[in-house]
Amino acid sequence: MKTTTRVCVIGGGVVGCSVLYHLTKLGWSDVMLLERSELTSGSTWHAAGGFHTLNGDTNMAALQGYTIRLYRELEELTGMSCGLHHVGGVTLADTPERFDMLKAERAKHRFMGLETEILGPDEIARIAPITNTDGILGGLFDPLDGHLDPSGTTHAYAKAARMGGAEIVTHTKVLETNPRPDGTWDVVTDKGIIHAEHVVNAGGLWAREVGAMAGIYLPLHPMEHQYIVTDDTPEIYERDTEHPHVMDPAGESYLRQEGRGLCIGFYEQPCKPWAVDGTPWEFGHELLPDDFDKIEDSIAFAYKRFPVLERAGVKSVIHGPFTFAPDGNPLVGPVPGLRNYWSACGVMAGFSQGGGVGLTLAQWMVDGEPERDVFAMDVARFGRWITPGYTLPKVVENYQNRFSVSYPNEELPAARPFRTTPMYDTFDGMGAVWGQQYGLEVVNYFAAADEPRYETPSFRRSNAFAATAREVQAVRSAVGVNELQNFGKYRITGGDARAWLDHIMAGLIPKPGRLSLTPMLAPSGRIIGDFTVSCLSETEFQLTASYGAQDFHLRWFDRHLTGDVRVENLSDTRTGFQIAGPNAQHLLQKITRSDVGADTFRFMDVARLTVGMSTAIVQRVSYTGDLGYEIYVDAMEQRSLWQTLSRAGQDLGLQPFGMRAMMSLRLDKFFGSWMREYSPDYTPAETGLDRFVRFKKNSDFIGRTAAEAARDPARKLCAFIVDADDADVNAYEPIWLDGKVQGYCTSGGYSHHAKTSVALGFVPTERAADGLQVEIEILGQMRPARLVTTPLFDADGTRMRG
């Protein structure tokens, strides 16, 4: 065993071996993997080995497609068999809601190039004849679905890595991981110490324990999972071709052929977490005792859906643990707060996602960033607020909802409320219907006394429609108030603060008393932040951005921090309210002695003002696109500020509004949103953010060269008026032009002010002209849409700026 290495991967499951292989594939050969037992120990060896591309996040689906295509490459490279069975698979829908979800997924697949297909009950019965299609409305067929040999595939990854120069050491237990001052690591094992430039935690079932060695908590938890293999079944072994996979969300089951019989697994409701207080180090190639009681109802349902099962004998029962993150996606990437420490864990669908995880992490390590937006599996998407007590109920909830319909407006209830602002009880008493972001309770809308305090999950317009319309009307006709807690807020101070911001931000860094909007770019020129920069003095700035991207952005700040600069995260200690609407200026003037008239306190001005009893940071800007102000105070003073605003606003029509109204209001001005229009998938020129990039400023800002080279993009973000029915655009609906898919939507919704459906999306730049007629596929229906360039409210900005 060598004692120095560029990368030390800890964990010899399919994910660790994939990471190791991809590092060698990208040119890093001085890499090694440590495994405490044998390769595949833990979860890999007993996995069912199924793979599929279906995933609600398009980038995750693309990485799953990459994983599946990689297996043939591995076989050719190593001469080893992965035991591939490309048999295709169909996901069933027995309710209109499930069918809506499948139609929405099929629409996404069109622009992704995935050849999925919507099938009717008769077609399902033809290709999957053991399926009882009574009550089935249809299904989604994916020809890429299949299964493989977990052990053979893992060893193929390992052989390919060794061929690239990697070393794999088994029966070597990691005892400690200790950082050195230069950012490298000492990996202490029972066979000696290894000095590694980078450490990758691919510990699988033991990822929590390996993380604790570095002083971090990774939000993961193992769950017990059980599947059954039947005896030989005539309906299977008498077929000329292998039976396709069948996923039955109603029965919470997946089924496939296994040899001459069947394999069926369940995501049952009475599920059980495993190893709550830590994974035993001696666990490895063991299984858990059979537990038919917890899947009794699932088996009864399966007998109705697949009657052949009732006649088939049980050959074996596989019952073992798998790790899950709270949202079911992997935890991948550089761990915030640590140098050169990387996560590759929580990959519960290792044979669907393992190749994509390995590729992503290797690109991140070798090239400095992955080639696509991978925030859905970025370890930074969970902040440092998360705890084991929060993780466990969310993991249980995710397991139980594994095959449930995933609605775009759904707010899952487990582990809530957890993090709240001082306004929680006040707003709750006013009828707030709550959502959550980054663990924080956020008002979605306020229900009237005769309306339910629950938004019905739907792909169509929900019961929040009327309440949202009322709140939009209040903003546009009088004045609305909305909490500012769900912004990420950072205080940047120091003698080099301006120069540092000029380097990491692509746009203008404003003068004292002014603010600016600016993208933050990766070296590739792609967008990794959408910021408001407020200059309070030459040595003090406030940054605001997405609340849910705190660790994502702080990790970037920390990586590039130089000189006399200090970064403080004030996201939970500096809060307040925004006020917006035609009466907003009048309201602000009533609660401050400072002159906030249009000539004195201009659009994009910022100042410290006495507001009520507080010394507040007030800036004249609003995401509503209306005349508006953001008022920031210390969190301890938020309730006082609320009382001040409430009393002063009584005769001005002041009404609170939530995020549903906010997202409708921004559509009136075609404002983009973080992780919808603005994400690492896109460049400033594609999205229109290039108008905020200062290419002429005297600073070599990060991403400048790449952004300059991409100033003539092939696609352009545009706005559309949609002739919608009862469903609006959500995201990733294909845009049809000249009879074929030539673009897709990034977001959309209903403009309650303009009383029309709006979509934002990409089309070819040469076709992006006012009046362009397209069709947008919404839940399987082709809806006419027209490209528009004139905002639906305050088109000339008179009210916003005046």
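**Close-ups of a predicted model**

**View 1. An open, eight-stranded sheet.** In this predicted model, 8 strands line up as an open sheet in the order β6-β7-β5-β14-β15-β16-β13-β17, and their pairing is mixed. At the edges sit β6 (117–119) and β17 (314–324), each of which pairs on one side only. Direction ignored, neighbouring strands here are turned by 25° against each other on average.

**View 2. Strand β13 alongside β17.** Let's zoom in on one end of the strand order. Strand β13 (residues 221–230) and β17 run antiparallel, with 10 bridges joining them. To get your bearings, look for Glu224, which stands opposite Pro321 in β17.

**View 3. Helices α3 and α8 against the strands.** Helix α3 (residues 96–112) lies across β5 (89–93), β6 and β7 (138–142), and runs at about 30° to β7. Helix α8 (residues 296–305) also packs on the sheet, where it touches β5, β13, β14 (245–248) and β16 (261–266). The direction of α8 makes about 135° with that of β16.

**View 4. Helix α2 meets helix α10.** Here α2 (residues 58–78) packs with α10 (residues 350–367) at an angle of about 100°, and the two axes are 7 Å apart. That angle is why α2 counts as roughly perpendicular to α10. On the α2 side, the contact is made by Met60, Leu63, Gln64, Tyr66, Thr67, Leu70 and Tyr71. On the α10 side you'll find Gly350, Phe351, Ser352, Gln353, Gly354, Gly355, Gly356, Leu359 and Thr360. Sorted by class, the contact has 7 nonpolar and 9 polar residues, with no charged ones.

**View 5. Aromatic pairs, one tilted and one edge-to-face.** The model has a count of 32 aromatic pairs, and two of them are picked out here. Phe51 and Tyr71 make a tilted pair, 5.9 Å centre to centre with 45° between the planes. This pair links distant parts of the chain: Phe51 belongs to strand β3 (residues 50–51) and Tyr71 to helix α2, 20 residues apart. Both Phe51 and Tyr71 are buried. Tyr71 also turned up in View 4, among the α2 residues that contact α10. The other pair, Trp385 with Tyr390, is edge-to-face, at 5.1 Å centre to centre and 80° between the planes. Trp385 counts as buried because its relative accessibility is 14%, and Tyr390 counts as buried because its own value is 7%.

**View 6. A cluster of rings.** Ring pairs tie Phe111, Tyr682, Tyr732, Tyr744 and Phe762 together into a cluster.

Note on methods: Residues numbered from 1 in each chain as written. Predicted model: local features only at pLDDT ≥ 70, side-chain atom pairs only at ≥ 80, totals over all residues. Heavy atoms only, no water. Axes fitted to C-alpha atoms, helices over the stretch in contact; angles between N-to-C directions. Helix = DSSP H or I, 4+ residues; strand = E, 2+ residues; numbered from the N terminus. Parallel < 35°, antiparallel > 145°, perpendicular 65-115°, else oblique. Contact = heavy atoms within 4.5 Å. Nonpolar A, V, L, I, M, F, W, Y, C, P; charged D, E, K, R; others polar. Pairing = 2+ DSSP bridges. Phe/Tyr/Trp six-rings, centres within 6.5 Å; stacked < 30°, edge-to-face > 60°. Buried < 20%, exposed > 50% of the residue type's maximum accessible area, 1.4 Å probe, protein only.
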